[in-house]
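I opened this notebook to record what I looked up in the model, entry by entry, beginning with a single residue and moving outward from there.

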Amino acid sequence: MSDKSAIVTGASGFLGRQVLKAFDRSNWSVKGTGFSRADGTTILKVDLGNAAEVTKILDEYKPQVVVHCAAEKSPDRVDKDPEGTRAINIETPRSLAKLCAERSILLIYISTDYVFSGKVGEAPYETEAATGPSNLYGQTKLDGEHAVLSEFKAAGKEGFGVVLRVPVLYGPAQSNSESAVNVLMDTVQKAQQNGAKINMDHWALRYPTNTEDVGRVCKDVAARHLGESDRASLPQILQFSSEDKYTKYEMCQLFGEIMGLPIDRIEPNTEGNDPNVTVQRPYDCHLSTKALKDLGIDVSTQDFVGWWRREVRAFRK
Ligand SMILES: NC(=O)c1ccc[n+]([C@@H]2O[C@H](COP(=O)([O-])OP(=O)(O)OC[C@H]3O[C@@H](n4cnc5c(N)ncnc54)[C@H](OP(=O)(O)O)[C@@H]3O)[C@@H](O)[C@H]2O)c1
């Protein structure tokens with residue numbers, strides 16, 4: 001029986017599955033929660049909007065750490081259901097933070113590089129840089145950060161709430177549509193069929209980061225915080241990112257090369273933002289990993305090209 005215990009919310013999701021694995025591999029006693037995809041055994045079904053259900057699992061499993069991955073991340077669903085999104089992205093982490101603070105449980109809240117505006121010339125962003133989300137998803141995640149940190153502060157438990165910001169993610173998926181990066185593999189395949197040309201962004205810079213690496217970093221942050229007697233002295237906001245830099249079009253070029261498929265039906269779009277449009281897309285939200293490095297946490301990542309070459313080779317076998 002391990003002396004270290006954790007709960008991972010959103011463990012049926014794209015990132016949560018790898019976070020769960022990372023703790024499990026390091027012999028933590030770990031339980032995952034999900035909702036529509038929960039199997040009831042490895043992953044418990046918990047409606048995180050229901051405080052009684054959350055209280056029950058916290059009191060039954062008594063984790064030292066909760067990694068909160070559950071959220072609404074699809075921009076389409078966010079825009080279609082702003083109230084539902086605010087509930088899961090802001091009110092759920094707020095009530096989870098309150099329950100964790102009352103029990104002195106460390107809460108790692110997964111956030112996003114989209115809390116920054118990504119305007120040309122601003123990146124890389126340090127943890128304390130001014131935020132300014134350019135869309136509703138980023139705003140709800142930023143409000144979720146504030147909700148978490150203010151609940152711990154109000155309870156006099158600063159140092160038990162930690163925000164971990166990450167950029168766009170790729171990695172093992174149940175279907176490519178789970179990730180804005182993996183889905184470009186499908187785009188390259190679709191581009192082999194006859195039909196209209198596919199317009200692909202070749203302006204905004206992305207730093208695709210592997211979910212397995214994020215899982216390992218969550219586990220390292222948890223261990224670092226649990227081992228610290230003066231937790232309030234540790235930074236409350238951390239950022240993790242790969243240094244691999246691509247536009248979406250460049251990712252399509254790479255996937256085409258790896259799969260041996262032409263991409264001439266995919267058109268690079270270098271237009272960038274229309275200055276007359278109110279909602280501007282981030283150009284570059286590159287996250288500095290300095291705060292993690294200062295804590296002594298390994299920020300190395302898997303190589304993007306190498307990972308995809310292995311993935312395609314394994315798929316073909
Ligand atoms: N994916 C990215 O590129 C990316 C980039 C930056 C930051 N992030 C952040 O990383 C975190 C994980 O994202 P992801 O890509 O893994 O998302 P995901 O694949 O959509 O998974 C979302 C998870 O949340 C659970 N969930 C949703 N509503 C719930 C509710 N009411 N009660 C309980 N569980 C609920 C889902 O459970 P069921 O599916 O079982 O219903 C699922 O396990 C999020 O906080 C996201 O903001 C993601």
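Entry 1, a phenylalanine. I looked up Phe14 and found it in helix H1. The model is a predicted one, and I keep that in mind for every entry below. Is Phe14 buried or exposed? Phe14 has 21 other C-beta atoms within 10 Å and is therefore buried, the cut-off for that class being 20 or more. Leaving aside residues up to four places away in sequence, I listed the contacts of Phe14 as Leu169, Ala173, Glu178, Ser179 and Thr211. I also checked Phe14 against Ala222, and their C-alpha atoms are 20 Å apart in space, with the two positions 208 residues apart in sequence.

Entry 2, the ligand shell. I then turned to the 29 residues around the ligand, of which Gly10, Gly13, Gly34, Phe35 and Ala71 come nearest. Two elements give two or more residues to this shell, namely helix H1 (14-25) and strand E5 (106-112). Which element gives the most to the shell? I noted H1, with three residues. Sorted by class, the shell around the ligand holds 15 nonpolar, nine polar and five charged residues. I noted too that the ligand lies between domain 1 and domain 2, because both domains give residues to the shell around it.

Entry 3, the two domains. I wrote down the division of the protein as domain 1 (5-171 + 209-243 + 288-301) and domain 2 (176-203 + 244-283 + 308-316), bounds that come from an automatic or database domain assignment. The C-alpha centres of the two domains lie 28 Å apart. How many residues does the contact take from each domain? I recorded 14 residues from domain 1 and twelve residues from domain 2. On the side of domain 1 that touches domain 2, I found seven nonpolar, five polar and two charged residues.

Entry 4, the nonpolar cores. The largest nonpolar core has 70 residues, and the members that touch the most other members are Ala6, Val8, Leu107, Ile108, Leu164 and Cys218. Domain 1 and domain 2 both give residues to this core, so it lies between them. I followed Ala6 further and, not counting residues up to four places away in sequence, found that Ala6 touches Phe23, Trp28, Val30, Pro63, Gln64, Val65, Val66, Val67 and Ala222. Apart from the largest core lies another core, of ten residues, including Phe116, Tyr125, Cys285 and Leu287.

Entry 5, helices H5 and H7. I checked helix H5 (residues 136-154), whose 19 residues reach 26 Å from the first C-alpha to the last, close to the 27 Å expected at 1.5 Å a residue. The buried residues of H5 include Tyr137, Leu142, Ala147, Val148 and Phe152, and also Lys141, Glu145 and Glu151. What covers the buried residues of H5? The cover includes helix H3 (75-80), helix H4 (82-102), E5 and strand E6 (161-166). After H5 comes Gly156, and its phi is positive, near 70°. Helix H7 (residues 211-226) has 16 residues and reaches 23 Å from its first C-alpha to its last, close to the 22 Å expected at 1.5 Å a residue. Among the buried residues of H7 I noted Thr211, Val214, Val217, Cys218, Val221 and Ala222, together with Glu212, Asp213, Arg216 and Lys219.

Entry 6, backbone details in the loops. I looked at the peptide bond joining Ala123 and Pro124, which is cis, with omega about 0°; Pro124 lies in the loop between E5 and H5. Asn27 is not a glycine, yet has a positive phi of about 65°, and I placed Asn27 in the loop between H1 and strand E2 (29-34). Asn27 counts as exposed because 11 C-beta neighbours lie inside 10 Å. Lys62, also a residue other than glycine, has a positive phi near 45° and sits in the loop between helix H2 (51-61) and strand E4 (65-68). With 12 C-beta neighbours inside 10 Å, Lys62 counts as exposed, since the class takes in residues with 12 or fewer.

Entry 7, an aspartate in a late loop. Last, I looked up Asp303, in the loop between helix H9 (290-294) and helix H10 (304-316). Asp303 has 13 C-beta neighbours inside 10 Å and so counts as partly exposed. The C-alpha atoms of Asp303 and Glu243 are separated by 9.4 Å, although the two are 60 residues apart along the chain.

Terms used:
Residues numbered from 1 in each chain as written. Predicted model: local features only at pLDDT ≥ 70, side-chain atom pairs only at ≥ 80, totals over all residues. Near = placed C-beta within 6 Å. Helix = DSSP H or I, 4+ residues; strand = E, 2+ residues; numbered from the N terminus. Nonpolar A, V, L, I, M, F, W, Y, C, P; charged D, E, K, R; others polar. Expected span 1.5 Å × (residues − 1). Contact = placed C-beta atoms within 7 Å. Core = buried A, V, L, I, M, F, W, Y, C linked by C-beta atoms within 7 Å.
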